[in-house]
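Here is a short report for a reader meeting this structure for the first time. It begins with a single residue and then widens to the whole chain.

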Amino acid sequence: MRAFLVMSLCLSLFVANCNKGVAPTETKQLPETELTFARDVAGGELTGTWVPRPTNSLEANLADPSQIAGMVDSLGLAASVTGSVKFNADKSFECNTIIQVTPKIKIGSLVVPMSPFADTLRESGVYQQPWKEVIILPLHPTIFKIDTVGYTASQDSLTMVTLATAFPGFNFVKYYLVFHFVK
């Protein structure tokens with residue numbers, strides 16, 4: 001009788017927990033307040049091949065312009081993106097882009113020449129979507145941090161916003177990128 005009770009208890013615990021397994025069976029929706037983007041993002045349908053908008057395809061902005069106060073009179077960031085990004089319904093993607101940002105620094109009447117920062121991304125894989133308006137891309141850029149992006153997609157336009165991150169060599173100055181794509 002005792003063996004029967006122990007076996008019944010073990011069997012009932014097994015049945016009650018059989019859907020838990022080693023890996024979770026459903027995607028956990030993380031709290032939306034954990035990420036802050038400089039622009040509002042709304043999600044939408046990503047599926048399709050996207051190319052940079054003909055004008056103003058990429059914006060590079062300082063997260064807090066007061067971070068450079070007293071160091072330079074002005075800092076402009078000329079930015080562009082070329083190529084394409086393809087998102088498939090199965091959450092696979094192909095990225096074939098070149099991103100370029102050229103700082104334009106002015107100190108008084110002196111313009112400090114700067115070489116552009118550029119990244120070539122020719123990668124593919126599977127992205128994750130832990131939030132309805134955020135994707136995590138397994139990209140390996142050398143300069144720009146573009147792994148977690150918020151996005152707003154409509155039928156013919158896609159805007160992607162990166163999280164604020166530090167400039168290479170200037171850890172106290174943070175920037176974010178805003179990509180503008182069309183189908």
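T162 counts as buried, because its relative accessibility is 1% and the cut-off for buried is under 20%. The model is predicted. T162 sits in strand β10, which covers residues 157–162.

What lies around T162? Neighbours within four places in sequence are left aside here; beyond them, T162 is in contact with F37, K145, I146, T148, V149, Y176, L177 and F179. With L177 there is also a polar pair: a polar atom of the T162 side chain lies 2.9 Å from the backbone nitrogen of L177.

Now take F172. This residue belongs to strand β12, residues 170–182. F172 counts as partly exposed because its relative accessibility is 43%, and partly exposed runs between the buried limit of 20% and the exposed limit of 50%. Together with M71 and F170, F172 makes a nonpolar surface patch of about 290 Å².

The two residues side by side:

| Residue | Strand | Relative accessibility |
|---|---|---|
| T162 | β10 (residues 157–162) | 1%, buried |
| F172 | β12 (residues 170–182) | 43%, partly exposed |

Next, the whole chain. It holds one helix and 12 strands. The helix comes first from the N terminus, and the strands follow. Of the 183 residues, 32% count as buried. The chain exposes about 11100 Å², and carbon and sulfur atoms supply 59% of that area.

How are contacts spread along the sequence? Among contacts with a separation of 6 or more, 59% join residues 24 or more positions apart.

Key. Residues are numbered from 1 along each chain as its sequence is written. This is a predicted model: local features need pLDDT of at least 70, side-chain atom pairs count only at pLDDT 80 or more; totals for chains, interfaces and linings use all residues. Side-chain values use heavy atoms; hydrogens and water are left out. Patches are made of residues with over 30% relative accessible area and no salt bridge: like charges are joined within 9 Å, nonpolar side chains (Val, Leu, Ile, Met, Phe, Trp, Tyr) within 5 Å. Accessible areas come from the Shrake-Rupley method with a 1.4 Å probe; for residues, only the protein chains shown count as cover. A salt bridge is a side-chain nitrogen of Lys or Arg within 4 Å of a carboxyl oxygen of Asp or Glu. Helices (H or I, at least four residues) and strands (E, at least two) are DSSP runs, numbered from the N terminus. Buried means under 20% relative accessible area, exposed over 50%, partly exposed in between (1.4 Å probe, protein chains only). A polar contact is a pair of N or O atoms within 3.5 Å; within protein, one must be able to donate a hydrogen and the other to accept it, and residues adjacent in sequence count only if both atoms are side-chain atoms. Contact means heavy atoms within 4.5 Å.
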